[in-house]
Every structure is written in C-alpha cells, then in structure tokens.
Amino acid sequence: MRNFYQEMESRIEKYKKLVQDLLKQEFINFSDKNKNIPTTSGVYAIFDDKGNLLYIGEAQNMRRRLLNNHLRGNVGSSVLRRKIAEQKLNLSGDKISKSDEENINKFLKSCCFCFLEIEDERERKMFEHFSISVLHPEL
C-alpha cells in the first residue's frame, strides 16, 4: 500500500509541474495571423479576453484542433464551439444559424490559448483530466 501512495504522490507532483509549465507558455491570440502552432500532440488551455480559463483540451494535432475544429469549425465539429454557443451566447445547440456561427467566431477571436506538447497519448489524456479537475475551466 505504501508503494501505491508514493506512486500517487509522485504522479501528482509531476502533473502539478506540468500545469505550471502549461500556464507559463506564451499566450497566442486566436486573432493573430502568424500563429506558430505545432502539428504535434499536446494539451491546450483557452482563455477569454478577461483572462478567465474557459476550456482545456487535448489533441493529436494541436494545429488542426485549434484552428480547423475550434476556430473555423462549427458546433457539430467542436465541443468548445457548442459550449460557447450554449453557455456564453445562450444559443440552442440544435438551432445554430450562420450568423450564430459568426458570433461564435467573433467570441473566439477575442480569446487566447497556450499549449504544452505531450506526445504520449496516455500521459496527454491523464494530464488533460488532471488539469480540468484542478483548474475548473468554465466550459
């Protein structure tokens, strides 16, 4: 039993450090035309224009997820967009118009994000879940 607790303490310390590392990364605005986002795997955090943490996610290809799915996607392809529509813009998920999608785009362009590259899928998913449970994003 002692080994179990030591391993858990070690894992918690590791993820605490990763959370600190994630939040120390450069913040990139969605509106920035020269986004330097890698196509590698990782965990990302999205903040609104007031600095409130909105969302934490993980992706095999962060560039595709952040730009194609979230920024240029639609509520059908992005959980983040669906949550923004429902919780930030008070829109019904089944009645999203083209102008509603444009309002979601406008909201997202006022947001920024940071990311941490993590190649190992299991570690990435575990870190995402740990980060969500510790940081409590709004969405």
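**Figure 1. Salt bridge between Arg 124 and Glu 58.** In this predicted model, Arg 124 and Glu 58 form a salt bridge whose closest N and O atoms are 2.6 Å apart. Arg 124 belongs to helix H5 (residues 121-135) and Glu 58 to strand E3, so the pair ties together parts that are 66 residues apart in sequence. Arg 124 and Glu 58 are both buried. Lys 125 also takes part: salt bridges with shared partners join Glu 58, Arg 124 and Lys 125 into one network.

**Figure 2. Salt bridges along helix H1.** The structure holds 9 salt bridges, and this view shows two that lie in helix H1. Glu 13 is paired with Lys 16, and their closest N and O atoms are 3.3 Å apart. Glu 13 and Lys 16 are 3 residues apart in helix H1 (residues 2-24), so about one helical turn separates them. Glu 13 counts as partly exposed because its relative accessibility is 46%, a value between the limits of 20% and 50%. Lys 16, at 39%, is partly exposed as well. Lys 17 forms a salt bridge with Asp 21, with 3.1 Å between the closest N and O atoms. Here the partners are 4 residues apart in helix H1, again a separation of about one helical turn. Lys 17 has a relative accessible area of 48% and is partly exposed.

**Figure 3. The aromatic pair Phe 30 and Phe 113.** A search of the whole structure finds 6 aromatic pairs. In the pair of Phe 30 and Phe 113, the ring centres are 4.8 Å apart and the planes meet at 50°, so the pair is tilted. Phe 30 sits in the loop between strand E1 (28-29) and strand E2 (42-47), while Phe 113 is in strand E4 (residues 112-117). The two residues are 83 residues apart, and their pairing links distant parts of the chain. Phe 30 has a relative accessible area of 1% and is buried. Phe 113 is also buried, with a value of 0%. Beyond four places in sequence, Phe 113 touches several residues, including Glu 26, Asn 29, Ile 37 and Leu 66.

**Figure 4. The largest nonpolar core.** Which residues have the most contacts inside the largest nonpolar core? They are Phe 30, Ile 46, Leu 66 and Phe 113, in a core of 23 residues. Two or more residues come from each of these elements: E2, strand E3 (53-59), helix H2 (62-71), helix H3 (79-88), H4 and E4. H2 gives the largest share, 4 residues. Another core, of 15 residues, lies apart from this one and has Ala 45, Leu 53, Leu 116 and Phe 127 among its members.

**Figure 5. Surroundings of Leu 108.** Leu 108 is part of helix H4 (residues 98-109). With a relative accessibility of 0%, Leu 108 counts as buried. Its contacts, leaving aside neighbours within four places in sequence, are Phe 30, His 70, Leu 71, Leu 80, Arg 81 and Ile 84. Of these contacts, Ile 84 is 24 residues from Leu 108 in sequence, and the C-alpha atoms of the two are 8.7 Å apart in space.

**Figure 6. An aromatic cluster.** This view shows Tyr 15, Phe 127 and Phe 130, which form one aromatic cluster. Phe 127 is also one of the residues in the core of 15 residues.

Key: Residues are numbered from 1 along each chain as its sequence is written. This is a predicted model: local features need pLDDT of at least 70, side-chain atom pairs count only at pLDDT 80 or more; totals for chains, interfaces and linings use all residues. Side-chain values use heavy atoms; hydrogens and water are left out. Rings of Phe, Tyr and Trp (its six-membered ring) pair if their centres lie within 6.5 Å; planes under 30 degrees apart count as stacked, over 60 as edge-to-face and the rest as tilted. Buried means under 20% relative accessible area, exposed over 50%, partly exposed in between (1.4 Å probe, protein chains only). Contact means heavy atoms within 4.5 Å. A nonpolar core is a set of buried Ala, Val, Leu, Ile, Met, Phe, Trp, Tyr and Cys residues joined through side-chain atoms within 4.5 Å. A salt bridge is a side-chain nitrogen of Lys or Arg within 4 Å of a carboxyl oxygen of Asp or Glu.
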